[in-house]
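This note is addressed to a colleague who meets the structure for the opening time. The points below may be read alongside the sequence and the model.

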Amino acid sequence: MMGQIISGHGVTRGRQLARACDLTVLTCMDFRLHARLRHQLEWHLGYGVTYDLLTAPGAGYDLAHDDAPHRTQTRLEDLGTSVEIHQPERIAIIPHTDCGKYPQFGIKDKNELRRILIEDVLKAAHLLSKRFPRLSVIGFLAIVRERHLIELEAINVSSERLLSRKGNAPIF
Ligand SMILES: [Zn+2]
């Protein structure tokens, strides 16, 4: 019936809620990423895709490294809030190829940075798949071109690849 209000514990929580989104995106705070991010996500995931957008220096860095457990915890709590309120089916981790968070670690060249960024997405996905076992985790590497153009390259975050890992991601 139109106008019927269902309240209390009887409320059905699910994707039929108007406020449910398709996914939650965790990407870097870097301003160059954001103008084109929606266009690229629509290219890969479909026109009109809806997502919560969380940003942090280095995207999934805090989930992949345990040098600052309070930051890892903050990322997990922020993601948990998004999952609780907007019930996404997926979480996407999107670092970028020239991220200023990473050169401080003595990385030699672009190829090494690329390898480390992908490795960190896998570590972060490993942690998130334990924390949010009902959600799937996907990853993209954002490649920054001139004039703030970006392209997203899908990262293989298959469950087999996660299971083959030795579990060196921090566990909360
Ligand atoms: Zn960055």
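1. The model discussed here is a predicted one. A suitable place to begin is strand β1, which is mostly covered: five of its five residues are buried. Leu 23, Val 25 and Thr 27 point one way from β1, whereas Thr 24 and Leu 26 point the other way, and all are buried.

2. The chain as a whole may now be considered. Its secondary structure comes to five helices and five strands, and along the sequence these follow the pattern β-α-β-α-α-β-α-β-β-α. Of the 172 residues in the chain, 30% are buried. Among contacts with a separation of 6 or more, 77% join residues 24 or more positions apart.

3. The five strands form an open sheet, with the order β2-β1-β3-β4-β5 and mixed pairing. Strands β2 (51-55) and β5 (150-155) stand at the edges; each has a single partner strand, so one side of each is left without a neighbour in the sheet. From one strand to the next, the twist averages 25°. In general, the strands of a sheet pair through backbone hydrogen bonds, either parallel or antiparallel.

4. Strand β1 has pairings with β2 and β3. Five bridges join β1 to β2, and the two run parallel; in β2, Thr 55 is the bridge partner of Thr 27. Five bridges also join β1 to β3, again in parallel, and here Val 25 has Ala 92 as its bridge partner. Together, β1, α1 and β2 make a right-handed β-α-β unit.

5. On the other side of the pairing list, strand β3 (residues 90-94) is joined to β4 by four bridges, and these strands run parallel. Ala 92 stands opposite Ile 138 in β4. Beyond its neighbours within four places in sequence, Ala 92 is in contact with Leu 23, Val 25, Ile 138, Gly 139 and Phe 140.

6. Is Ile 138 buried or exposed? This residue lies in strand β4 (residues 136-144). Ile 138 counts as buried because 20 C-beta neighbours lie inside 10 Å, and 20 is the number from which a residue is called buried. Although Ile 138 and Ala 92 are 46 residues apart along the chain, their C-alpha atoms are separated by 4.7 Å. Leaving out residues up to four places away in sequence, Ile 138 touches Arg 90, Ala 92 and Val 157.

7. The pairing of β4 with β5 is antiparallel and has six bridges. Within this pair, Phe 140 stands opposite Ala 154 in β5. The hairpin of β4 and β5 has five residues between the strands, and in this hairpin Arg 147 takes a positive phi near 60°.

8. Two helices may be described in relation to the sheet. Helix α1 (residues 31-45) lies across β1 (23-27), β2, β4 and β5, and runs at about 50° to β5. Helix α4 (residues 110-131) packs on the sheet and touches β3, β4 and β5, with a direction that makes about 155° with that of β4.

9. Does the length of α4 call for comment, and what span should its 22 residues have? At 1.5 Å a residue they should span 32 Å, and the end C-alpha atoms are 31 Å apart, which agrees. The buried residues of α4 include Leu 117, Val 121, Leu 122, Ala 124, Ala 125 and Leu 128, and also the polar positions Asp 120, Lys 123 and His 126.

10. The largest nonpolar core has 34 residues, of which Ile 91, Ala 92, Ile 93, Ile 94, Ala 124 and Ala 125 touch the most other members. The elements that give two or more residues to this core are β1, α1, α2 (61-64), β3, α4, β4 and β5. Helix α4 gives the most, with seven residues. In soluble globular proteins, nonpolar side chains tend to be buried together.

11. Two loop residues deserve a look at their backbone. Ala 59, in the loop between β2 and α2, has a positive phi of about 55° although it is not a glycine. Ala 59 counts as buried because 33 C-beta neighbours lie inside 10 Å. Gln 87, in the loop between α3 (69-86) and β3, is likewise not a glycine and has a positive phi of about 45°. Gln 87 is partly exposed, with 19 other C-beta atoms within 10 Å.

Terms used
Residues are numbered from 1 along each chain as its sequence is written. This is a predicted model: local features need pLDDT of at least 70, side-chain atom pairs count only at pLDDT 80 or more; totals for chains, interfaces and linings use all residues. A residue is buried if 20 or more other C-beta atoms lie within 10 Å of its own, exposed if 12 or fewer, and partly exposed in between; C-beta atoms are placed from the backbone. Two residues are in contact if their C-beta atoms, placed from the backbone, lie within 7 Å. Two strands pair if DSSP finds at least two bridges between them. Axes are lines fitted to C-alpha atoms, for helices over the stretch in contact, and angles run from 0 to 180 degrees between N-to-C directions. The expected span of a helix is 1.5 Å times one less than its number of residues. A nonpolar core is a set of buried Ala, Val, Leu, Ile, Met, Phe, Trp, Tyr and Cys residues joined through C-beta atoms within 7 Å. A crossover is right-handed if, with the strands pointing away from the viewer, the path from the first strand over the helix to the second runs clockwise.
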